[in-house]
Amino acid sequence: MSTDLASVLGARILPVLTVPCARMADPLAQALVQGGARCAEVTFRTPEAEQVLKTMAAHGGLTVGAGTVLTPQQAERAVAAGARFVVSPGFDAEVVATCRTLGVPVLPGIATATELLRALRAGIDTVKLFPAAVLGGVPLLSSLAAPFPQVRFVPTGGIGLSQVSAYLAHPAVLAVGGSWMATAGHLERGDYEGIRRLTAEATERSTP
Ligand code: 3PG
C-alpha cells in the first residue's frame with residue numbers, strides 16, 4: 001500500500017465532507033464519482049462519520065480519507081473504518097506517529113512557519129494550509145513556500161470554485177480542499193445533482 005499522499009489522493013481536488021447521516025453516504029459517493037472526483041475526506045465531526053467513511057470506502061471509485069482527526073485514537077478508528085489517508089486541522093506529533101505506524105499518509109494542518117518547522121522535524125513534507133483563505137490566500141502561500149521549497153501544500157478553508165485555479169497554478173500546491181462542492185445545505189436538501197455539478201466544475205479546472 002502506497003504511503004505517498006500524492007499517489008493516494010490521485011487528484012488535485014479534495015472534497016471535504018461533513019455528513020450528518022450514514023444513509024447519505026452512498027448517493028454522495030455516487031455524485032462525487034459522477035462529478036469526476038477521485039478522492040474525498042470525511043470529517044470526524046458527526047456521530048455517524050465512521051459509518052459514512054465505511055460506506056463511502058466500500059462504494060468504489062473514490063479514495064476516502066478521514067478529516068478533523070484530532071487524536072491518535074481517532075486516527076486508529078479512522079483507519080479501521082477504511083480511511084486511506086488522515087487529515088488534521090493542526091499538527092500533532094502523536095497523530096503523525098500513529099499514522100506512520102498504521103502505514104497511512106497523514107496531512108497535518110499548519111498556519112505558520114513555526115508549525116511547518118515542527119512538521120518537517122516529524123518527517124512531514126506535505127501539509128494542509130489551514131484556514132487558507134483567512135490566513136492570506138495565495139500571497140500567504142507564496143510567502144510560506146519561499147523558505148520551504150521542499151514542502152507541498154494542500155490549502156483548505158474558505159476556498160471556493162473561483163479561487164481553485166489560482167491555488168492550483170502555484171507550483172507548491174499539491175491539491176486544493178474544500179467543502180463548497182458538498183455543503184450542509186446540499187446534503188439537507190438531498191441535492192446530489194448540485195454536488196455532482198459543482199464537483200465536475202472543480203475537477204474540470206484541475207485538469208490541464
Ligand atoms: C476542513 O476541515 O478542511 C475545512 O473545514 C474545510 O474548509 P471549508 O469548509 O471552508 O471548505
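**The ligand and its surroundings**

In this predicted model, the ligand is surrounded by V16, R45, K128, F130, T156, G157, G158, G178 and S179. Sorted by character, this shell holds two nonpolar, five polar and two charged residues. Glycine is counted as polar in this sorting, so G157, G158 and G178 belong to the polar group. The charged pair is R45 and K128, while V16 and F130 make up the nonpolar pair.

Both charged residues reach the ligand through their side chains. For R45, a side-chain N or O atom is 2.4 Å from an oxygen atom of the ligand. For K128, a polar side-chain atom likewise lies 2.4 Å from a ligand oxygen. G158 takes part through its backbone instead: one of its polar backbone atoms is 2.7 Å from an oxygen atom of the ligand. Taken alone, the ligand has 310 Å² of accessible area, and the protein covers 81% of it. The place where the ligand sits is the second largest pocket.

K128 is worth a second look, as this residue also meets another member of the shell. Its charged end sits over the ring of F130, at 4.7 Å from the ring centre. What does a search of the whole structure find in the way of aromatic pairs? The number of such pairs is zero. The ring of F130 thus has the charged end of K128 over it, but no aromatic partner.

Notes
Residues are numbered from 1 along each chain as its sequence is written. This is a predicted model: local features need pLDDT of at least 70, side-chain atom pairs count only at pLDDT 80 or more; totals for chains, interfaces and linings use all residues. Side-chain values use heavy atoms; hydrogens and water are left out. A residue is near a molecule or strand if one of its heavy atoms lies within 4 Å of it. A polar contact is a pair of N or O atoms within 3.5 Å; within protein, one must be able to donate a hydrogen and the other to accept it, and residues adjacent in sequence count only if both atoms are side-chain atoms. Accessible areas come from the Shrake-Rupley method with a 1.4 Å probe; for residues, only the protein chains shown count as cover. On a 1 Å grid over the protein atoms alone, a cavity is a set of points where a 1.4 Å probe fits but cannot get out, and a pocket is an open set with protein on both sides within 12 Å along at least five of seven lines; lining residues have an atom within 4 Å of a point. A molecule sits in a cavity or pocket if more than half of its atoms lie within 2 Å of its grid points. Rings of Phe, Tyr and Trp (its six-membered ring) pair if their centres lie within 6.5 Å; planes under 30 degrees apart count as stacked, over 60 as edge-to-face and the rest as tilted. A charge sits over a ring if NZ of Lys or CZ of Arg is within 6 Å of the ring centre and within 35 degrees of the ring normal.
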